[in-house]
Amino acid sequence: MNAQHYRANRPDVIDEQFDDEYVLVNLRTGTYYGLSHTAAEMWDLLNQSLSRAQILERMQLLYDANPARIAADFDDMLTELLQEQLVVPETGGSNPASDLPGAAPSVRREYLVPHIEKYTDMQALLLLDPIHQVDASGWPATRADAR
Amino acid sequence: MRADPIAADEIRTFFSDVAAAFACAAERAGTRTIDYLVGSRIMRLEFAGDALREAFTRAIAHLETPARPAADLHVHLWEIAETGVMLPRPRWDLDAYLRRGEIQGFNDGTRFTLYHPDSRTLFLYDAARGHAYVCVFGEQALPAYERASPLRPILFPWLATFNAQYVHAAAVGLPAGGALLVGKSGAGKSTTSLACLDSELLFAGDDYCAIRIDDNPRIYSLYSSGKASDETIARLPFLESHIRFWDKGGSGKAIFFFNETLPSKLIREFPLRAILIPRVTGERACRVTPALPRTALLALAPSTMSQLATADGQVLKRLAELVRRVPCWNLELGVEIKQIPTTIARLLEQPLHAS
């Protein structure tokens with residue numbers, strides 16, 4: 001698991017960054033997500049083709065928190081990202097340029113439990129499937145008075 | 001959007017067959033052409049017969065312009081019941097009908113094919129040629145939302161060809177500048193925009209409009225229509241006399257065409273100076289507070305993208321660019337409804353920097 005790395009589930013998933021926050025959309029399910037603070041950092045690192053071990057190493061440099069807690073929170077978030085089909089396992093090699101953990105900041109940031117805000121109120125509109133009743137012309141209709 | 005390579009020739013053939021069907025309908029029923037000004041572009045509607053004219057033009061009558069020598073978009077429309085000219089048979093199977101009406105494999109980024117089974121309406125748009133086709137089995141099946149906001153599947157990709165974005169948002173303002181009102185249905189967009197009809201502010205749309213997104217974003221009005229629930233009309237009783245019909249089979253709301261009853265309150269375009277996210281607070285006063293661009297994007301993008309077939313990641317990018325360029329504000333709606341337009345007008349009078 002430590003060596004496994006992941007990537008955003010494109011093209012179904014699109015994201016947009018605002019400073020240290022992300023807005024994600026799963027076009028297939030119609031669900032929107034907001035990631036901020038620690039969750040946004042984890043999303044950013046996941047999309048650099050880093051392995052779990054590399055991400056945890058980087059997070060421990062950046063944040064003032066117990067490494068075991070960071071690891072547990074990362075695993076929880078990764079599970080949720082996989083369940084939501086926002087990321088998929090990457091089959092290629094990991095990013096070779098990411099073998100180095102990077103420089104530690106002079107002051108480590110406050111650690112907040114990563115949280116994924118989920119907006120599902122548009123799902124019904126996106127996923128509304130027409131009822132396909134086809135008449136002799138070959139064209140479907142869903143209204144009884146149109147047939 | 002990537003087209004199924006097997007369908008590439010099929011798309012061309014189908015478009016050609018539909019164009020031939022329209023020519024046949026035009027020969028049988030005669031045609032009438034009307035030009036409309038959308039931003040600085042000309043959209044021409046050519047109707048074979050009369051059956052569809054009112055349904056597709058009532059909401060856009062405020063954009064009508066004297067006939068021009070050429071059009072940027074030429075839309076051909078006919079009704080099967082009136083003309084007797086049938087559509088060619090679909091060149092796809094039932095699995096090809098996707099969730100927002102798009103036909104899988106028949107949308108290649110240049111040609112767009114959509115079908116609404118509910119209203120039995122086919123929409124085709126060929127961006128390279130600037131031609132579009134709309135065929136309706138029977139006008140009576142057109143729902144109120146199509147009459148109030150017609151041609152949505154065609155306007156969305158056409159507007160994108162000149163860097164304008166079709167959005168699910170209301171817009172009010174003055175020639176010097178105005179505001180976009182964003183949020184999901186029920187957030188207060190319509191109430192806010194309709195309340196402005198009883199003020200110095202002008203109305204550019206209560207549900208949809210277009211935005212040219214560049215260094216100086218501009219709002220383009222698309223529809224003069226509005227809709228309101230009983231509850232909204234009770235709060236804004238001046239609307240009562242403007243009701244044109246009730247959408248009894250659908251939303252249950254009253255439908256307005258303000259071009260017919262309040263033409264002086266309409267505005268066709270203005271510079272966009274603020275993005276407002278309405279929220280009903282239950283407090284007395286109305287006020288504005290700075291909002292994050294991310295909050296505005298989450299209020300604007302889901303409801304826009306979920307309603308536009310063929311909307312993809314590029315739409316999210318354009319909307320993200322917009323909320324980064326234009327100051328965003330929370331519009332906290334109090335119970336004093338007359339304060340809403342005055343609060344917006346006061347905001348628009350000031351140099352605008354939300355954060």
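I began at a single residue pair and found that Tyr36(B) has Glu64(B) as its bridge partner in β3(B). The model I am reading is a predicted one, and I keep that in mind for every entry below.

**Entry: the seven-stranded sheet**

From that bridge I moved to the strands, and noted that β1(B), residues 31–38, pairs with β3(B) in the antiparallel sense over 2 bridges. Following the pairing outward, I arrived at an open sheet of 7 strands in chain B, ordered β3-β1-β2-β4-β7-β6-β5, with mixed pairing. I then looked up where this sheet ends, and its edge strands are β3 (64–65) and β5 (111–116) of chain B, each of which pairs on one side only.

Next I asked myself which helices of chain B lie across strands of this sheet, and I recorded two. Helix α1 of chain B, residues 8–29, lies across β1, β2 (41–48), β4 (73–79), β5, β6 (121–126) and β7 (131–136) of chain B, and it runs at about 65° to β2(B). Helix α5 of chain B, residues 152–160, lies across β4, β5, β6 and β7 of chain B, and its direction makes an angle of about 15° with β6(B).

**Entry: Asp9(B)**

Staying with α1, I looked at Asp9(B), which is found in that helix of chain B. Is Asp9(B) buried or exposed? I count it as exposed, because 10 other C-beta atoms lie within 10 Å of its own and the cut-off for exposed is 12 or fewer. I also checked one separation along the chain: Asp9(B) and Ser190(B) are 181 residues apart in sequence, and their C-alpha atoms are separated by 44 Å.

**Entry: the three-stranded sheet**

A further open sheet in chain B has 3 strands in the order β14-β16-β15, with antiparallel pairing. Its edge strands are β14 (225–228) and β15 (243–246) of chain B, each pairing on one side only, and neighbouring strands are turned against each other by 30° on average, direction ignored. For the pairing itself, I noted that β14(B) and β16(B), residues 254–257, are antiparallel over 4 bridges, and that Ala228(B) stands opposite Ala254(B) in β16(B).

**Entry: Arg287(B)**

I found Arg287(B) in strand β18 of chain B, residues 287–290. It counts as partly exposed, because it has 15 C-beta neighbours inside 10 Å. Leaving aside neighbours within four places in sequence, Arg287(B) is in contact with Glu332(B) and Thr343(B), whereas the C-alpha atoms of Arg287(B) and Pro157(B), 130 residues apart along the chain, are separated by 36 Å.

**Entry: helices α9 and α10**

I then turned to α9 of chain B, residues 293–307, whose 15 residues reach 21 Å from first C-alpha to last, close to the 21 Å expected at 1.5 Å a residue. Where does α9(B) bend? The bend, of about 25°, is at Ala301(B), and the proline Pro302(B) follows within four residues. I noted that 15 of the 15 residues of α9(B) are buried, so the helix is largely enclosed by the rest of the structure.

Finally, I looked up how α9(B) packs against α10 of chain B, residues 313–325, and found an angle of about 145° with the axes 9 Å apart. Their crossing is right-handed. The contact is made by Pro293(B), Ala296(B), Leu297(B), Leu300(B), Ala301(B), Thr304(B) and Met305(B) on the α9(B) side, and by Val315(B), Leu316(B), Leu319(B), Ala320(B), Val323(B) and Arg324(B) on the α10(B) side. Ala301(B), where α9(B) bends, is thus among the contact residues.

How values were computed
Residues are numbered from 1 along each chain as its sequence is written. Chains are lettered from A and ligands numbered from 1 in the order in which they are written. This is a predicted model: local features need pLDDT of at least 70, side-chain atom pairs count only at pLDDT 80 or more; totals for chains, interfaces and linings use all residues. Two strands pair if DSSP finds at least two bridges between them. Two residues are in contact if their C-beta atoms, placed from the backbone, lie within 7 Å. Axes are lines fitted to C-alpha atoms, for helices over the stretch in contact, and angles run from 0 to 180 degrees between N-to-C directions. The expected span of a helix is 1.5 Å times one less than its number of residues. The bend at a residue is the angle between axes fitted to the seven residues ending there and the seven starting there. A residue is buried if 20 or more other C-beta atoms lie within 10 Å of its own, exposed if 12 or fewer, and partly exposed in between; C-beta atoms are placed from the backbone. A crossing is left-handed if the near helix is turned anticlockwise from the far one by less than a right angle, and right-handed if clockwise.
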